[in-house]
Amino acid sequence: AAAGTITIAGGATTATGGEYAAGVGGGYRAAGGNVSVSGGTVFAIGGEYGGTGIGGGDQGAGGSLTISGGTVVAAGDRYAAGVGGGQYQVGGTVNITGGSLTATGGRYGGAGIGSGGNYTSGTDGTVNISGGQVTATGGGGSGAGIGGGTGSTGSAVTISGGTVVAQSYSGAGIGGGNNATNNTVAITGGKINAQSSGGAGIGGGYKGAGGTVEISDGTVFAQSDDGADIGSGMNGAVDGTNTFTGGSICLASSSITTAPTNDTDTVGCAVVTGFEPNEAVAITDLANYGANDIVADEAGAIYLWLPNGTYTFTANGRECTVKLQDGVGNTGVLVNGKE
(Lines give C-alpha, C1' and ligand atoms only; values in the text may rest on other atoms or scores of the structure.)
Protein backbone atom coordinates (compact mmCIF):
# COMPACT_ATOMS: atom_id res chain seq x y z
CA ALA A 1 0.00 0.00 0.00
CA ALA A 2 0.99 3.62 -0.44
CA ALA A 3 2.57 5.32 2.56
CA GLY A 4 0.13 8.17 3.16
CA THR A 5 1.78 10.83 5.35
CA ILE A 6 4.66 10.08 7.72
CA THR A 7 6.14 12.75 10.01
CA ILE A 8 9.29 12.22 12.09
CA ALA A 9 10.27 15.08 14.39
CA GLY A 10 12.58 13.47 16.94
CA GLY A 11 13.74 10.34 18.66
CA ALA A 12 15.59 7.40 17.12
CA THR A 13 13.91 5.45 14.34
CA THR A 14 15.20 2.28 12.70
CA ALA A 15 13.01 1.01 9.87
CA THR A 16 13.66 -2.04 7.69
CA GLY A 17 11.15 -2.84 4.96
CA GLY A 18 9.63 -6.25 4.46
CA GLU A 19 10.00 -8.04 1.11
CA TYR A 20 9.62 -5.52 -1.76
CA ALA A 21 8.76 -2.68 0.67
CA ALA A 22 10.50 0.56 1.57
CA GLY A 23 12.06 1.08 4.96
CA VAL A 24 9.97 4.25 5.26
CA GLY A 25 7.37 4.64 2.53
CA GLY A 26 5.41 2.40 0.21
CA GLY A 27 4.87 -1.31 -0.15
CA TYR A 28 5.14 -3.43 -3.31
CA ARG A 29 4.33 -1.30 -6.39
CA ALA A 30 3.21 1.50 -4.08
CA ALA A 31 4.43 5.09 -3.99
CA GLY A 32 6.32 6.56 -1.08
CA GLY A 33 3.58 8.94 0.04
CA ASN A 34 4.59 12.13 1.85
CA VAL A 35 7.47 11.76 4.29
CA SER A 36 8.78 14.63 6.44
CA VAL A 37 11.81 14.53 8.78
CA SER A 38 12.57 17.55 10.96
CA GLY A 39 14.57 16.02 13.80
CA GLY A 40 15.88 12.90 15.45
CA THR A 41 17.86 10.06 13.92
CA VAL A 42 16.47 7.84 11.15
CA PHE A 43 18.01 4.64 9.77
CA ALA A 44 15.93 3.34 6.86
CA ILE A 45 16.82 0.15 4.97
CA GLY A 46 14.90 -1.06 1.94
CA GLY A 47 13.35 -4.49 2.16
CA GLU A 48 14.73 -7.45 0.26
CA TYR A 49 13.90 -7.65 -3.47
CA GLY A 50 13.86 -3.97 -4.18
CA GLY A 51 12.55 -1.58 -1.55
CA THR A 52 13.98 1.92 -1.23
CA GLY A 53 15.35 3.21 2.05
CA ILE A 54 12.84 6.07 1.93
CA GLY A 55 10.33 6.28 -0.91
CA GLY A 56 8.60 3.72 -3.06
CA GLY A 57 8.50 -0.02 -2.66
CA ASP A 58 9.69 -2.25 -5.49
CA GLN A 59 8.27 -0.70 -8.70
CA GLY A 60 6.79 2.14 -6.65
CA ALA A 61 7.34 5.84 -7.36
CA GLY A 62 9.24 7.96 -4.88
CA GLY A 63 6.43 10.16 -3.60
CA SER A 64 7.81 13.14 -1.69
CA LEU A 65 10.42 13.54 1.03
CA THR A 66 11.29 16.71 2.94
CA ILE A 67 14.25 16.83 5.33
CA SER A 68 14.66 20.00 7.39
CA GLY A 69 16.61 18.64 10.36
CA GLY A 70 17.90 15.53 12.06
CA THR A 71 20.19 12.80 10.78
CA VAL A 72 18.96 10.43 8.08
CA VAL A 73 20.70 7.34 6.68
CA ALA A 74 18.89 5.51 3.87
CA ALA A 75 19.87 2.55 1.69
CA GLY A 76 17.94 0.85 -1.10
CA ASP A 77 17.98 -2.79 -2.18
CA ARG A 78 18.64 -4.22 -5.67
CA TYR A 79 17.54 -1.66 -8.32
CA ALA A 80 15.93 0.73 -5.84
CA ALA A 81 17.19 4.19 -4.94
CA GLY A 82 18.42 4.97 -1.45
CA VAL A 83 15.90 7.81 -1.44
CA GLY A 84 13.33 7.96 -4.26
CA GLY A 85 11.90 5.39 -6.63
CA GLY A 86 11.91 1.65 -6.88
CA GLN A 87 12.90 -0.23 -10.03
CA TYR A 88 11.36 1.25 -13.22
CA GLN A 89 10.08 4.20 -11.23
CA VAL A 90 10.44 7.96 -11.01
CA GLY A 91 12.29 9.45 -8.05
CA GLY A 92 9.46 11.76 -6.97
CA THR A 93 10.21 15.03 -5.19
CA VAL A 94 13.01 15.39 -2.64
CA ASN A 95 13.48 18.66 -0.76
CA ILE A 96 16.42 19.03 1.64
CA THR A 97 16.65 22.28 3.58
CA GLY A 98 18.70 21.19 6.60
CA GLY A 99 19.91 18.28 8.66
CA SER A 100 22.08 15.46 7.34
CA LEU A 101 21.30 12.81 4.71
CA THR A 102 23.45 9.86 3.67
CA ALA A 103 21.82 7.90 0.83
CA THR A 104 23.06 4.79 -1.00
CA GLY A 105 21.35 3.17 -3.98
CA GLY A 106 20.64 -0.55 -4.25
CA ARG A 107 23.45 -2.86 -5.36
CA TYR A 108 22.13 -3.34 -8.91
CA GLY A 109 22.09 0.33 -9.77
CA GLY A 110 19.58 2.51 -7.98
CA ALA A 111 20.49 6.18 -7.60
CA GLY A 112 21.62 7.39 -4.20
CA ILE A 113 18.88 10.03 -4.47
CA GLY A 114 16.51 9.84 -7.44
CA SER A 115 15.05 7.10 -9.59
CA GLY A 116 15.30 3.37 -9.44
CA GLY A 117 17.14 1.45 -12.12
CA ASN A 118 15.77 0.99 -15.63
CA TYR A 119 13.42 3.98 -15.54
CA THR A 120 13.56 5.26 -19.10
CA SER A 121 10.59 7.48 -19.97
CA GLY A 122 9.45 10.95 -19.06
CA THR A 123 11.00 13.50 -16.72
CA ASP A 124 12.42 11.81 -13.67
CA GLY A 125 11.36 13.79 -10.63
CA THR A 126 13.07 16.65 -8.84
CA VAL A 127 15.77 17.02 -6.19
CA ASN A 128 16.06 20.39 -4.45
CA ILE A 129 18.86 20.99 -1.93
CA SER A 130 19.06 24.35 -0.16
CA GLY A 131 20.85 23.43 3.06
CA GLY A 132 22.23 20.67 5.22
CA GLN A 133 24.84 17.99 4.59
CA VAL A 134 24.16 15.50 1.79
CA THR A 135 26.22 12.46 0.80
CA ALA A 136 24.82 10.35 -2.03
CA THR A 137 26.34 7.23 -3.60
CA GLY A 138 25.02 5.41 -6.65
CA GLY A 139 24.23 1.77 -6.04
CA GLY A 140 26.51 -0.87 -7.51
CA GLY A 141 28.58 1.91 -8.99
CA SER A 142 26.12 2.29 -11.89
CA GLY A 143 23.37 4.49 -10.50
CA ALA A 144 24.07 8.20 -10.24
CA GLY A 145 24.88 9.63 -6.85
CA ILE A 146 22.02 12.09 -7.40
CA GLY A 147 19.78 11.62 -10.44
CA GLY A 148 19.02 8.44 -12.37
CA GLY A 149 19.47 4.79 -11.63
CA THR A 150 21.24 2.53 -14.13
CA GLY A 151 19.75 3.10 -17.57
CA SER A 152 17.76 6.05 -16.24
CA THR A 153 17.85 9.72 -17.12
CA GLY A 154 18.76 12.11 -14.35
CA SER A 155 16.33 13.94 -12.12
CA ALA A 156 16.03 17.71 -12.40
CA VAL A 157 18.50 18.73 -9.67
CA THR A 158 18.65 22.21 -8.12
CA ILE A 159 21.26 23.05 -5.47
CA SER A 160 21.15 26.47 -3.81
CA GLY A 161 22.93 25.80 -0.52
CA GLY A 162 24.38 23.23 1.82
CA THR A 163 27.28 20.82 1.33
CA VAL A 164 26.83 18.03 -1.22
CA VAL A 165 29.05 15.04 -2.01
CA ALA A 166 27.79 12.84 -4.86
CA GLN A 167 29.67 9.89 -6.30
CA SER A 168 29.34 6.94 -8.63
CA TYR A 169 31.49 4.67 -10.80
CA SER A 170 29.75 4.40 -14.19
CA GLY A 171 26.81 6.64 -13.42
CA ALA A 172 27.33 10.38 -13.10
CA GLY A 173 28.11 11.89 -9.72
CA ILE A 174 25.11 14.14 -10.41
CA GLY A 175 23.02 13.34 -13.50
CA GLY A 176 22.25 10.17 -15.43
CA GLY A 177 22.86 6.57 -14.50
CA ASN A 178 24.99 4.12 -16.48
CA ASN A 179 24.09 4.31 -20.20
CA ALA A 180 21.83 7.29 -19.62
CA THR A 181 21.71 11.01 -20.29
CA ASN A 182 21.50 13.81 -17.76
CA ASN A 183 18.45 16.05 -17.70
CA THR A 184 19.09 19.34 -15.90
CA VAL A 185 21.36 20.48 -13.08
CA ALA A 186 21.13 24.06 -11.77
CA ILE A 187 23.56 25.24 -9.08
CA THR A 188 22.93 28.64 -7.49
CA GLY A 189 24.89 28.20 -4.27
CA GLY A 190 26.37 25.72 -1.83
CA LYS A 191 29.51 23.60 -1.90
CA ILE A 192 29.38 20.63 -4.29
CA ASN A 193 31.78 17.74 -4.90
CA ALA A 194 30.69 15.42 -7.74
CA GLN A 195 32.85 12.49 -8.82
CA SER A 196 32.70 9.47 -11.11
CA SER A 197 35.00 7.19 -13.11
CA GLY A 198 33.18 6.23 -16.31
CA GLY A 199 30.32 8.69 -15.98
CA ALA A 200 30.68 12.46 -15.88
CA GLY A 201 31.23 14.22 -12.60
CA ILE A 202 28.12 16.22 -13.51
CA GLY A 203 26.19 15.12 -16.61
CA GLY A 204 25.67 11.79 -18.34
CA GLY A 205 26.55 8.33 -17.16
CA TYR A 206 28.77 5.91 -19.09
CA LYS A 207 27.67 6.08 -22.78
CA GLY A 208 25.38 8.96 -21.84
CA ALA A 209 25.36 12.50 -23.21
CA GLY A 210 25.47 15.59 -21.05
CA GLY A 211 22.32 17.60 -20.40
CA THR A 212 21.68 21.16 -19.32
CA VAL A 213 24.08 22.35 -16.61
CA GLU A 214 23.74 25.89 -15.27
CA ILE A 215 26.04 27.26 -12.54
CA SER A 216 25.56 30.82 -11.32
CA ASP A 217 26.97 30.77 -7.75
CA GLY A 218 28.56 28.43 -5.24
CA THR A 219 31.69 26.29 -5.19
CA VAL A 220 31.83 23.24 -7.47
CA PHE A 221 34.42 20.50 -7.83
CA ALA A 222 33.72 18.02 -10.62
CA GLN A 223 35.86 15.01 -11.48
CA SER A 224 35.69 12.05 -13.84
CA ASP A 225 38.51 9.64 -14.56
CA ASP A 226 37.34 8.65 -18.06
CA GLY A 227 34.32 10.82 -18.89
CA ALA A 228 34.05 14.60 -18.88
CA ASP A 229 34.29 16.37 -15.56
CA ILE A 230 31.11 18.14 -16.67
CA GLY A 231 29.19 16.89 -19.73
CA SER A 232 29.11 13.46 -21.33
CA GLY A 233 30.17 10.16 -19.83
CA MET A 234 32.81 7.90 -21.33
CA ASN A 235 31.83 6.90 -24.90
CA GLY A 236 28.79 9.16 -24.68
CA ALA A 237 27.58 11.54 -27.35
CA VAL A 238 28.70 15.15 -26.96
CA ASP A 239 25.46 16.94 -26.31
CA GLY A 240 23.80 19.39 -23.96
CA THR A 241 24.77 22.88 -22.83
CA ASN A 242 26.92 24.27 -20.02
CA THR A 243 26.21 27.80 -18.84
CA PHE A 244 28.53 29.36 -16.25
CA THR A 245 27.67 32.83 -14.93
CA GLY A 246 29.25 32.69 -11.48
CA GLY A 247 30.79 30.61 -8.74
CA SER A 248 34.11 28.85 -8.39
CA ILE A 249 34.12 25.83 -10.72
CA CYS A 250 37.10 23.50 -10.53
CA LEU A 251 37.39 20.76 -13.17
CA ALA A 252 39.83 18.09 -12.05
CA SER A 253 41.09 17.31 -15.55
CA SER A 254 39.86 20.45 -17.37
CA SER A 255 37.46 18.22 -19.32
CA ILE A 256 34.09 19.65 -20.32
CA THR A 257 31.65 18.90 -23.16
CA THR A 258 30.33 21.12 -24.66
CA ALA A 259 32.40 24.31 -24.23
CA PRO A 260 30.76 26.54 -21.60
CA THR A 261 29.30 29.95 -22.26
CA ASN A 262 27.72 32.69 -20.18
CA ASP A 263 24.70 32.43 -22.50
CA THR A 264 26.35 34.90 -24.88
CA ASP A 265 30.12 34.38 -25.03
CA THR A 266 32.42 31.43 -24.54
CA VAL A 267 34.02 31.49 -21.10
CA GLY A 268 37.37 30.16 -19.86
CA CYS A 269 38.84 29.53 -16.44
CA ALA A 270 41.15 31.89 -14.55
CA VAL A 271 42.71 30.48 -11.39
CA VAL A 272 43.05 32.95 -8.53
CA THR A 273 45.43 31.84 -5.78
CA GLY A 274 46.72 33.15 -2.48
CA PHE A 275 43.85 32.33 -0.14
CA GLU A 276 43.88 30.12 2.91
CA PRO A 277 42.59 26.57 2.33
CA ASN A 278 38.79 26.43 2.68
CA GLU A 279 38.63 30.21 3.20
CA ALA A 280 35.36 31.89 2.32
CA VAL A 281 36.03 34.43 -0.44
CA ALA A 282 34.03 37.64 -0.82
CA ILE A 283 34.33 39.19 -4.29
CA THR A 284 33.21 42.70 -5.24
CA ASP A 285 33.43 44.78 -8.42
CA LEU A 286 33.14 41.79 -10.77
CA ALA A 287 30.09 42.85 -12.72
CA ASN A 288 27.45 40.31 -13.73
CA TYR A 289 29.28 37.43 -12.09
CA GLY A 290 27.70 35.48 -9.21
CA ALA A 291 29.99 35.37 -6.18
CA ASN A 292 27.88 33.85 -3.40
CA ASP A 293 29.16 30.81 -1.49
CA ILE A 294 32.66 30.86 -3.01
CA VAL A 295 35.20 28.95 -0.93
CA ALA A 296 38.89 28.38 -1.69
CA ASP A 297 40.00 24.79 -2.25
CA GLU A 298 42.67 22.94 -0.28
CA ALA A 299 45.36 24.69 -2.34
CA GLY A 300 43.94 28.12 -1.52
CA ALA A 301 42.59 28.76 -5.04
CA ILE A 302 39.28 29.70 -6.64
CA TYR A 303 38.27 29.18 -10.29
CA LEU A 304 36.42 31.93 -12.16
CA TRP A 305 34.88 31.42 -15.63
CA LEU A 306 34.87 34.61 -17.70
CA PRO A 307 34.89 35.74 -21.35
CA ASN A 308 38.09 37.02 -22.98
CA GLY A 309 39.27 40.24 -21.37
CA THR A 310 41.03 41.73 -18.36
CA TYR A 311 39.18 41.96 -15.05
CA THR A 312 40.09 43.87 -11.90
CA PHE A 313 38.14 43.17 -8.72
CA THR A 314 38.48 42.90 -4.97
CA ALA A 315 38.67 39.51 -3.23
CA ASN A 316 38.78 39.51 0.58
CA GLY A 317 40.00 43.08 0.52
CA ARG A 318 42.78 42.59 -2.04
CA GLU A 319 42.79 44.09 -5.49
CA CYS A 320 43.19 41.28 -8.03
CA THR A 321 43.57 41.20 -11.81
CA VAL A 322 42.92 38.28 -14.14
CA LYS A 323 43.23 38.11 -17.92
CA LEU A 324 41.67 35.66 -20.36
CA GLN A 325 42.82 35.36 -23.95
CA ASP A 326 41.50 32.82 -26.50
CA GLY A 327 39.48 31.18 -23.72
CA VAL A 328 42.52 30.61 -21.50
CA GLY A 329 43.14 32.43 -18.23
CA ASN A 330 46.17 33.00 -16.05
CA THR A 331 46.90 30.50 -13.30
CA GLY A 332 47.78 32.98 -10.57
CA VAL A 333 46.68 36.36 -9.32
CA LEU A 334 48.10 39.85 -9.67
CA VAL A 335 48.01 41.77 -6.39
CA ASN A 336 48.98 45.41 -6.72
CA GLY A 337 50.47 44.61 -10.13
CA LYS A 338 52.62 41.67 -9.00
CA GLU A 339 52.15 37.94 -9.57
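Select Gly290 to begin, and you will find this residue in the loop between strand 26 (283-284) and strand 27 (302-306), where strands are DSSP runs of E with at least two residues, numbered from the N terminus. Gly290 is buried, at 15% relative accessibility; here buried means under 20% relative accessible area, exposed means over 50%, and partly exposed lies in between, with a 1.4 Å probe and protein chains only. This is a predicted model, in which local features need pLDDT of at least 70 and side-chain atom pairs count only at pLDDT 80 or more, while totals for chains, interfaces and linings use all residues. Residues are numbered from 1 along each chain as its sequence is written, and side-chain values use heavy atoms, with hydrogens and water left out.

Keep Gly290 selected and show its surroundings: setting aside residues up to four places away in sequence, Gly290 touches Ser216, Asp217, Thr245, Gly246 and Gly247, where contact means heavy atoms within 4.5 Å. If you then add Leu304, which is 14 residues from Gly290 in sequence, the distance from C-alpha to C-alpha is 9.9 Å.

**Two serines in loops**

Next select Ser232, which is placed in the loop between strand 22 (230-231) and strand 23 (241-244). Is Ser232 buried or exposed? Ser232 counts as buried, at 5% relative accessibility, and its contacts, not counting residues up to four places away in sequence, include Ala200, Gly204, Val238 and Thr257.

Now move to Ser130, in the loop between strand 13 (126-129) and strand 14 (133-137), which counts as partly exposed at 38% relative accessibility. Add Ser160 to the selection, and you will see that the C-alpha atoms of Ser130 and Ser160 are separated by 4.7 Å, although the two residues are 30 residues apart along the chain. Beyond its neighbours within four places in sequence, Ser130 is in contact with Ile96, Thr97, Ser160, Gly161 and Gly162.

**Backbone angles to look at**

Most residues other than glycine have a negative phi, and most peptide bonds are trans. With that in mind, select Thr257 and Thr258, where the peptide bond from Thr257 to Thr258 is cis, with omega near -5 degrees; Thr258 itself is in the loop between strand 24 (248-251) and strand 25 (268-272).

Then select Tyr88, which is not a glycine and yet has a positive phi of about 70 degrees. Tyr88 lies in the loop between strand 9 (83-84) and strand 10 (93-96), and it is partly exposed at 42% relative accessibility. Lys207, likewise not a glycine, has a positive phi of about 65 degrees, and you can find Lys207 in the loop between strand 20 (202-203) and strand 21 (212-224), partly exposed with a relative accessible area of 47%.

**Charges and rings**

Side chains of opposite charge can pair when their charged atoms come close. How many salt bridges does the structure hold? The count comes to one salt bridge, a salt bridge being a side-chain nitrogen of Lys or Arg within 4 Å of a carboxyl oxygen of Asp or Glu. Select Arg107 and Asp77 to see this salt bridge, in which the closest N and O atoms are 2.6 Å apart. Arg107 lies in the loop between strand 11 (100-104) and strand 12 (113-114), and Asp77 in the loop between strand 8 (71-75) and strand 9, so the pair ties together parts that are 30 residues apart in sequence. Arg107 is partly exposed at 47% relative accessibility, whereas Asp77 is buried, with a relative accessible area of 11%.

Leave Arg107 on screen and add Tyr108, because the charged end of Arg107 sits over the ring of Tyr108, 5.0 Å from its centre, by the rule that NZ of Lys or CZ of Arg is within 6 Å of the ring centre and within 35 degrees of the ring normal. Another such place is Arg318, which lies over the face of Phe275 at 4.6 Å from the ring centre.

**The last stop: tyrosines**The structure holds four aromatic pairs, where rings of Phe, Tyr and Trp (its six-membered ring) pair if their centres lie within 6.5 Å, and planes under 30 degrees apart count as stacked, over 60 as edge-to-face and the rest as tilted. Select Tyr20 and Tyr28, which form a tilted pair, 5.1 Å centre to centre with 55 degrees between the planes. Tyr20 is in the loop between strand 2 (12-16) and strand 3 (24-25). Finally add Tyr49, since Tyr20, Tyr28 and Tyr49 form one aromatic cluster.

Conventions: Helices (H or I, at least four residues) and strands (E, at least two) are DSSP runs, numbered from the N terminus.
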